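Q: Could you take me through a close look at one part of this model, and then at what surrounds other parts of the chain? I'd enjoy a connected walk rather than a list.

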Amino acid sequence: MYRRIALVILSLGLGACQSPNPYTATSLPMPAAPPQAANAIDLSAYPAPPRDYARYQSWAWLNDRLPAGSAWADSAQIAEAVSTALDQRGLRPVQPGRAPDLRVSADLHTEKRLRQVQDDYGYGAGYGGFYGDRYSRYGNQFGMYNTVPIIRTYEVEVMVVRLNLYDGKTGEPVWSSSAETSSKGSLSERGNSLRESLNTAVQAYPPH
């Protein structure tokens, strides 16, 4: 009885395996390329060519506006310091009536910085004795000395100047750098500090 039932189930399973598969694979042809594809070049598939910094020879202010001044330095002082710094990198102000190779902007603002200094303080202890007998003529002495470093953190205010260069034709950012200097000092001292900071900032131009 059970053997007959098993044979019936087995024959039904074999019959199911031999039945045609109701699922069929189909594929659609790829759509035809647009007519302009034959003449178009996919620039995104190629790396951008290296920028030729040698072609940048002249500059003018971004939007033809001088940098904004502040209580620390006025607009003319900042503009003079920027011009001097760019001049030492071979960049000259554009001649009247001509298009500049670069557009330049400069920003001057204050920021907070944390400084740390290490102070070494010493402490010591000692003990001395003298016994008047002939066996302890020089007495007994004991002493020690050590230092404990102490780290002190304090906040200072600095002036940060940021210089940005843009391509004169495309407006794309070309290069930027920043430098900082102390916010203290007289008017002439601040002017010297600003020039030194900008001269340091442009040392990395052009990038290698």
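A: Happy to, and please keep in mind that this is a predicted model. Let's begin with helix α2, where the buried residues are Gln-77, Ile-78, Ala-79, Ala-81, Val-82, Ala-85 and Leu-86. The helix runs over residues 75-87, and its length can be checked: at 1.5 Å a residue, its 13 residues should span 18 Å. The end C-alpha atoms of α2 are 18 Å apart, so the expected span and the model agree.

From there, let's turn to Glu-111, which sits in strand β3, residues 102-129. With a relative accessible area of 27%, Glu-111 counts as partly exposed, because that value falls between the 20% limit for buried and the 50% limit for exposed. Its side chain makes a polar contact with the side chain of Arg-113, at 2.8 Å. Glu-111 also meets a stretch of chain far along the sequence: Glu-157 is 46 residues away, yet the two C-alpha atoms are separated by 5.8 Å. Leaving out residues up to four places away in sequence, Glu-111 touches Val-156, Glu-157, Val-158 and Val-160.

Another charged residue worth your time is Arg-190, found in helix α3, which covers residues 187-201. Arg-190 is buried but has no salt bridge. The nearest side chain of opposite charge belongs to Glu-189, and it is 7.4 Å away. Setting aside neighbours within four places in sequence, Arg-190 is in contact with Ala-71, Trp-72, Ser-183, Lys-184 and Gly-185.

Conventions: Residues are numbered from 1 along each chain as its sequence is written. This is a predicted model: local features need pLDDT of at least 70, side-chain atom pairs count only at pLDDT 80 or more; totals for chains, interfaces and linings use all residues. Side-chain values use heavy atoms; hydrogens and water are left out. Helices (H or I, at least four residues) and strands (E, at least two) are DSSP runs, numbered from the N terminus. Buried means under 20% relative accessible area, exposed over 50%, partly exposed in between (1.4 Å probe, protein chains only). Lys and Arg count as positive and Asp and Glu as negative; His and the chain ends are not counted. A salt bridge is a side-chain nitrogen of Lys or Arg within 4 Å of a carboxyl oxygen of Asp or Glu. Contact means heavy atoms within 4.5 Å. The expected span of a helix is 1.5 Å times one less than its number of residues. A polar contact is a pair of N or O atoms within 3.5 Å; within protein, one must be able to donate a hydrogen and the other to accept it, and residues adjacent in sequence count only if both atoms are side-chain atoms.
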